Amino acid sequence: MKTFQVLLVANAKQFFRERAALFWTFIFPIFFILIFGAVFSGEDDIKFNVGLVLEDDSPIAQNFSAALEQIPAFELNLGERGVEMQALEDGDRRAVIVVNSGFGESITLGQVTNIDVYYDPTQTSSKQVLLPIIQRVTDNFDRALAGSTPLIQLSEQTLQSHDLRAIDYLVPGILAMSLMQLGLFAVAPIVVDRENKVLKRLGATPLRRSTMIMSTVVFNLIIAMMQTALIVIIARLVFHVPVLGNWFYLIGFIIIGTLTFLAMGYMLSAFAKNQQTLMPLIMFVQFPMMFLSGIFFPTEMMPGFMRPIMDAMPLTYLADSIRQIMVDSQPLHAQLFSNPHLLNLIVLGGWFIVCLVLAVRFFKWE
Amino acid sequence: MKVIIKVDHLRKSYKDIKAVNDISFRVYEGEIFGMLGPNGAGKTTTMEIVEGIRKADAGRVAVLGIDVRKDPRHVKTHIGVQLQTTSLYPRLSVREVMALFASFYPRSASIDKLIKLVDLEDSRNKRCKNLSGGQQQRLSVALALVNNPKVLFLDEPTSGLDPQSRHNIWNLIEYVRGKGKSVFITTHYMEEAQRLCDRVAIIDYGKIIATDKPNKLIAQHFQEEAIEFELSQKLENDVLNAVSGVTNVVQENGKVTVYSSAVPVTVSALLDLAKQRGFELTNLYVRRATLEDVFLKLTGRRIRE
C-alpha cells in the first residue's frame, strides 16, 4: 500500500512537471470550448428561415402556428403561398410549411389531413434536420389533440427537447473527447519508460506489475475528474451550460469512459514498438473518433454511409451519455432500450473488454 | 568461503545464436567477481538471468540459496541491480527517485547516507535529466544499494565515463566490498577487470574460457613480457618467431605483438633484423602482459576491435 501511494505521488510529480502534458490535458479543452463558444455566441443556435403559409384560420391552425413559433431553431415567416414559394426558390427560405384550408375542420371531424412541407432536396441539412423537427411538432400536436392536453404545455415539451444551444451540445462532447485523449495518451510515458529500460530496471525490483498498472489507472482517473471539474465549471461560468442530470451518473460515465480509453491506449502501446510508432497509431485512432462521433455537430447531419462507422465508435456513446446527463439531450438510439444509457454502457463495456484482452495478450514489458 | 551465487550449465539461445552456451561459475561472499569479454559475448544475458529478469533455456541459478526460476521476487528483494543503460525518471529529483525505489522493498537503507556515499549531496534536489553522465551512473549505483543488498550486480558500470568518474565508481565498488557484500560486474575494460576484480571469468561466444585471479591468469599464460611495434612492411610470423627470445607472435592490422622472456636480447635482435632487411620499426613499446594478452592468446582476437 505504501508502494502504491509513493508510485501515485511520483506519477503526479512527473505529470505536473511536464508543461506539454498540462497543456493538452487542461488548457486545450478549455481553449476549444472558449473558441467555439465565441463563434456561436452571436446566434444562440443555427436558425432556419422557414416560411409558413396559413390558408386556414381555425383556432387549431392558429395553435399549430404558435407551436412552430416556439421552436428556437426556426425563424418563422408568415406569408402568402406565392410569395413564400418564390422565397424558397430564391434560397431565402430553407423550407415552406403550408397549412391547407380545411385543416382545422378535418381534425375536428377526426379525419386525417396533410400539412405540406416544401424544401430544397439538394440541401441535405434541410431534409435531415428540418424534417425531423417538423415531424416532431406535428406528432406532439397529434398526441396533444388525442389526449386533449392543453396546447401550450405541449409546446413547452417540444421546446425543452430542442432548446439545445450549440454550446450546450458542444461542451459534453469536448469533455468526452478530453477523456479519450487522456486515456489514449496516458500510455505514452510507459512506452517511453520501456524504451529507456526503466521498465526493465523496475523488473529487477520486487515491485509487482499489477501495482504499477493500478497506480497508473488510479492516477488517470484522478486527472479525469480534475478535467471534468474544470470543463464543467468553465462552461457554467462563461456560457451557463448546466449539469441538469445526476452527478453520480456523470461520475460513473467519466470513470467508465476513462477506463475504456485507457484500455485502448494500452492496446495501442502493445502494437507499437516505440514512441515514434505509437504517436501515429494514436492519431489514426483519435482523429476519426474526434470528427465522426458527433462531438462538434449532431450525427444526424452526417451522410448516411458514414453511420455504420459512427455507430461503431466508443466515443459516440460516451459523448451521448454525458450529453444526456449534462444538458438532457435526446438519446442517440432511444428506441433500443427503455433506459437510454444501457446501450451506451454495453458498447463502452464491449470496447473495454476487447481492448483489455488484446492489451494483456500483446503488451511487451521489454 | 560462502557461496553467494551458484550458476550451473546455463544456456540461452536467441533463434540460432547461442548467447549463453553452458556457463557455470560461483561468486563468493565479499568478493568482486568480474566477467570480462567483448560486446555480444553473453555477459549481459548471463547477468540478467541471474538477476531473474530473463529466463534461461536450461541450467540452474541460485542466489543466496534461492532458486531464481522458482522465486524471482524473493531473490530481487535481496539483490541490487544496475543495468547497462539506465536513464531514470527525468522529471524526478535524485531524492525522489531514491525514495521511490526504497518504497519497493520491505526494508531500505538510509537514503541520506547513500546520497552522501555516492557524493550527490549537492545535487539531491536536482532533476535527473540535469545530472551529468557520471552523476547518473553514481545515482544508479546508489539505487542498486537502496535495499541494502547482499550482492550487487553492475553491468558495464563505467562504460562511456571519463577517467575521473570511472575512478569514483571503482572506489565506490571497493567500499561496497569492504562492507562484506559481493559484487558481480561485467566489463570489456581490461584495466578495470585487472584493477578491481578479485576473480575474473573470461567469456567469449557464450562460453567461459578461463576463470581465476587476474594475476594468476596472466602468470599462468605468460612468463614473458609483451613488445609492441608497427612495421613498414609485412613480415611472416615465422620470421618473427625465429628472433631470439620470442615465444609467441600476434599480428593485427599492421600492429605486431611479440612475447619475449628476454626483452633486451629480443629488442636488439629486432632492430638488427630491421636494419638488415631495410624496413622501419616504429612505436616500439615494452609492457607487462595483461588480461588483454591472455584474451588474445586464448581467442586470437582483441577484446575491442
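In what order do the four strands of the open sheet in chain B lie? This is a predicted model, and the tour starts with that sheet.

Select the strands in chain B and read across them: the order is β12-β13-β11-β14, and the pairing is antiparallel. At the edges you will find β12 (246-252) and β14 (281-288) of chain B, each of which pairs on one side only. Direction ignored, neighbouring strands of this sheet are turned by 20 degrees against each other on average.

Next, show β12(B) together with strand β13 (residues 255-260) of chain B, which pair in the antiparallel sense over six bridges. Pick B:E252 here, and its bridge partner in β13(B) turns out to be B:K255.

Move now to chain A and select helix α12 (residues 247-271) with helix α16 (residues 342-362), which pack with their axes 8 Å apart and at an angle of about 30 degrees. Because angles under 35 degrees count as roughly parallel, α12(A) and α16(A) are roughly parallel to each other. Their crossing is left-handed. To see the contact, display side chains including A:I256, A:L259 and A:M267 of α12(A), and, among those of α16(A), A:W351, A:F352 and A:F362. Coloured by class, the contact of α12(A) with α16(A) shows 16 nonpolar, two polar and no charged residues.

Finally, go to A:V39, which is placed in helix α2 (residues 19-40) of chain A. Is A:V39 buried or exposed? A:V39 is exposed, because 12 other C-beta atoms lie within 10 Å. Add A:I167 to the selection: the C-alpha atoms of A:V39 and A:I167 are separated by 9.6 Å, although these residues are 128 residues apart along the chain.

Technical notes:
Residues are numbered from 1 along each chain as its sequence is written. Chains are lettered from A and ligands numbered from 1 in the order in which they are written. This is a predicted model: local features need pLDDT of at least 70, side-chain atom pairs count only at pLDDT 80 or more; totals for chains, interfaces and linings use all residues. Helices (H or I, at least four residues) and strands (E, at least two) are DSSP runs, numbered from the N terminus. A residue is buried if 20 or more other C-beta atoms lie within 10 Å of its own, exposed if 12 or fewer, and partly exposed in between; C-beta atoms are placed from the backbone. Axes are lines fitted to C-alpha atoms, for helices over the stretch in contact, and angles run from 0 to 180 degrees between N-to-C directions. Angles under 35 degrees count as roughly parallel, over 145 as roughly antiparallel, 65 to 115 as roughly perpendicular and the rest as oblique. A crossing is left-handed if the near helix is turned anticlockwise from the far one by less than a right angle, and right-handed if clockwise. Two residues are in contact if their C-beta atoms, placed from the backbone, lie within 7 Å. Ala, Val, Leu, Ile, Met, Phe, Trp, Tyr, Cys and Pro count as nonpolar, Asp, Glu, Lys and Arg as charged, and the others, Gly among them, as polar. Two strands pair if DSSP finds at least two bridges between them.
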